[in-house]
Amino acid sequence: MSFELPRIPLGKGIEATLDFLVENLAFATRAFSTVADQGLRFIEATLLAVHPVLMIVIVTALVFAMTRKRGITVFTFLGLGLIWNMGLWVATVSTLSLVVVATLIAITIGIPLGIIAGLSEWVYRIVRPILDFMQTLPAFVYLIPAIPFFGLGRVAAIFATVVFSMPPAIRFTNLGIRQVPKELTECADAFGADRWQKLIKIQLPLAKTTIMGGVNQTVMLALSMVVIAAMIGAGGLGSEVWRAIQRLQSGAGFEAGIGIVILAIILDRLLQQLASKKR
Amino acid sequence: MEKIVIKNVVKIFGDHPKKALDLLLQGEPISEILNKTGNVVGVADVSFTVNEGEIVVVMGLSGSGKSTLVRCINRLFEPTAGEIYVDGQDVCQLGTKELRDFRRQKFGMVFQNFALFPHRSVINNVEFGLEVQGADKAEMRQKAETALEMVGLKGWGDKYPSELSGGMQQRVGLARALALDPDILLMDEAFSALDPLIRRDMQDELINLQQSMQKTIVFISHDLDEALKIGDRLVILKDGAVVQIGTPEEILTKPATEYVRKFVEEVDITKVLTAESVMKKCQDVAYLGSDGPNAALRKMKKNAIASLFVVKKDHSLAGIVFANEVRDLVDKGESDLSIVLHTDIQKVSPDTPASELFPIMQDMSYPVAVVNENDRLLGIIVKGLLFTAIAERGGDT
Ligand SMILES: Nc1ncnc2c1ncn2[C@@H]1O[C@H](COP(=O)(O)OP(=O)(O)OP(=O)(O)O)[C@@H](O)[C@H]1O
Ligand SMILES: [Mg+2]
């Protein structure tokens, strides 16, 4: 006797929902496409406007101006030089542009969301389980819904990256706001500060370090996702790795990997420096 | 005029304030309420008023609800029950925006734990209240500088709170409230972290401020000496409830309960008892010009005293005459009393503390005159009287 359990059509349901959303959210996806695409083009064009060597010098000078540290400055110069030397300059610029655009979008949405969650108990109660759930999903999964909305290509990659990298921005901002000592917000209340004054004058400045920690994580997550998103046509260093894997060229894959690590280290140090800046 | 009226205020912390409130109103002790409901009664049915220009000091042991009570006045804590009127306005009825404006207009607050903003410099901390009100930048800076100077921190404006000692931080908190020049100052253990010298200066400063600008001040203190010095009246709390309200004198001389008596025992009574409180009424005086030696002698005999104070027509004190010298005058047939009048006599004002009276009394053979600012004789202090008064009031001197 065979008895077959009826299959719950979960996949079908999700497909139907996605179809519905794709059709009805066209205005939003179009807006997103425009912002992402224009942003990308602009940043890429800027970074490629001058000769790589000149650009490396400019970036190194900027890093020194921001950190005032010798180690990371030297590392930036040598690292970027190596990337250029390996013929990965254009791919790196492309990856960096993706990261920058995705991060900007992620924090523009994530920080305000985090602030709201930090100030409102019930928003927090809704947002928290969603964030927890998102964190357990493997990165690849984020690529799937991006395709029906944006097709293959860089905009879809940015979309997936934004979604994937936003949680830390929300989480840390929320945490930063909640960490502000109660006695200080109470004191602001006692002097008759309104919500906005309290936020701008007390809560945000005191949460700044924590928020910057979240931004740092967002950037790192974005970088890792941009590499994975090469699978749906993100281009850049990720697709160098991807191509090397497919052709079993371990050397080329390794070179592209080094490029990603160099980029990650420079970004991380820069952001840490920004976060720890006093007042 | 009544500035703050607190009526049956209750503040309960916990999840079931209604249930706890019912128990409280049934007269259940607060330890029982905690056992039964898990709710903490911070303030249990407190009523008192603070008049305009008055300093009321709230005292009590740690956990007796002092901080909770002042926080109810500006509604940092929402009272569970009761009413609070400030300038006739029921504070509990104010909407969000009205409450905000009300706080801006009426209150300056000093916090027990200072609550300075670590990311703002000292001057920016002091400016905070004015900044929130949208004050003009230059005016704001000037007021903040003045306030900093008042608390003795001139020139420290550019430092950050973490660079200051505890006592200095507390003074920044003080300056932040003073900069607003508010009607009402709520001061939660505002001087607790100060060293004795600065503390005394600040107390004097506060008394000055209150006298010259008619501030209404609710001051929380652990320190009875401080409370007695600056308080016009004291409110003594125990377990969230009032055990006694009264002037320093009343609290000292007529403690309502054993708790208050214990509280008061510690205090050095000679610092608190004043000339006014130990003096007695002068039974009789001689009037300069109208009373001659004979009349003066008769008055002394009648009261069985060896000396007699002499006052002028306008009742101001002229001096003292002694029985033996007056008798000589009578024997010689003189009729002018002023021949034997001693004018360089010891006078004290009514608020002279008893501790200062001791050295004065030491080598006096006649009573000390207590006079007011117009030199009018209010009363006299004799040596025995001073000791009796102190002994009666339980001093250990
Ligand atoms: N935010 C709060 N949540 C819960 N319970 C509180 C809160 N604030 C105060 N309490 C409780 O209320 C009671 C009175 O506290 P309060 O801080 O008013 O005492 P206090 O007289 O100011 O003491 P201290 O002299 O130590 O400052 C205490 O039992 C305390 O545990
Ligand atoms: Mg307290």
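**A walk through a two-chain model**

Hi everyone, let's start at the metal: the magnesium ion, ligand 2, has two protein donors, B:Ser67 through OG and B:Gln112 through OE1, lying 1.9 to 2.2 Å from it. Donors here are N, O and S atoms within 2.8 Å of the metal (3.2 Å for Na, K and Ca), and water is not among the atoms, so sites may look incomplete. The two donors come from distant parts of the chain, 45 residues apart: B:Ser67 sits in helix 3 (residues 66–73) of chain B, and B:Gln112 in the loop between strand 6 (107–110) and helix 5 (122–132) of chain B. Helices (H or I, at least four residues) and strands (E, at least two) are DSSP runs, numbered from the N terminus.

A quick word on ground rules. This is a predicted model, where local features need pLDDT of at least 70 and side-chain atom pairs count only at pLDDT 80 or more, while totals for chains, interfaces and linings use all residues. Residues are numbered from 1 along each chain as its sequence is written, chains are lettered from A and ligands numbered from 1 in the order in which they are written, and side-chain values use heavy atoms, with hydrogens and water left out.

Back to B:Gln112: is it buried or exposed? It falls in the middle, partly exposed, with a relative accessible area of 35%. The cut-offs are these: buried means under 20% relative accessible area, exposed over 50%, and partly exposed in between (1.4 Å probe, protein chains only).

Now, the place where the chains meet. Chain A brings 17 residues to the contact and chain B brings 25 residues, where contact means heavy atoms within 4.5 Å. About 1,900 Å² is buried between chain A and chain B, and carbon and sulfur atoms give 65% of that. Buried area is the accessible area (1.4 Å probe) that two parts lose on being put together, summed over both.

How many salt bridges are there between chain A and chain B? The count is two. The rule is a side-chain nitrogen of Lys or Arg within 4 Å of a carboxyl oxygen of Asp or Glu. The idea is that side chains of opposite charge can pair when their charged atoms come close. At this interface, B:Arg71 and A:Glu186 form a salt bridge through their side chains (2.6 Å, N to O).

There are also seven residue pairs in polar contact between chain A and chain B, both residues being at pLDDT 80 or more. On the chain A side, helix 9 (182–190) and helix 10 (195–228) each supply at least two of the residues that touch chain B. Helix 9 of chain A gives the largest share, seven residues. Sorted by class, that side of chain A has nine nonpolar, two polar and six charged residues. For the classes, Ala, Val, Leu, Ile, Met, Phe, Trp, Tyr, Cys and Pro count as nonpolar, Asp, Glu, Lys and Arg as charged, and the others, Gly among them, as polar.

Here is a residue to find on your screen: B:Glu131, in helix 5 of chain B. Its side chain makes a polar contact with the side chain of A:Lys201 (2.7 Å). A polar contact is a pair of N or O atoms within 3.5 Å; within protein, one must be able to donate a hydrogen and the other to accept it, and residues adjacent in sequence count only if both atoms are side-chain atoms. Leaving out residues up to four places away in sequence, B:Glu131 touches A:Gln197, A:Lys201, B:Arg120 and B:Met140.

Let's move on to salt bridges in general. Over all chains, the structure holds 29 of them. One of these joins the side chains of B:Lys3 and B:Asp87 (3.2 Å, N to O). B:Lys3 is in strand 1 (residues 2–13) of chain B and B:Asp87 in the loop between strand 4 (81–86) and strand 5 (89–90) of chain B, so the pair ties together parts 84 residues apart in sequence. B:Lys3 counts as buried at 4% relative accessibility, while B:Asp87 is partly exposed at 27%. B:Asp87 also meets B:Lys106 in a salt bridge (2.6 Å, N to O).

One last stop: A:Arg68 has a positive phi of about 60° although it is not a glycine. You'll find A:Arg68 in the loop between helix 3 (52–67) and helix 4 (70–85) of chain A, and it counts as exposed at 60% relative accessibility. Thanks for listening!
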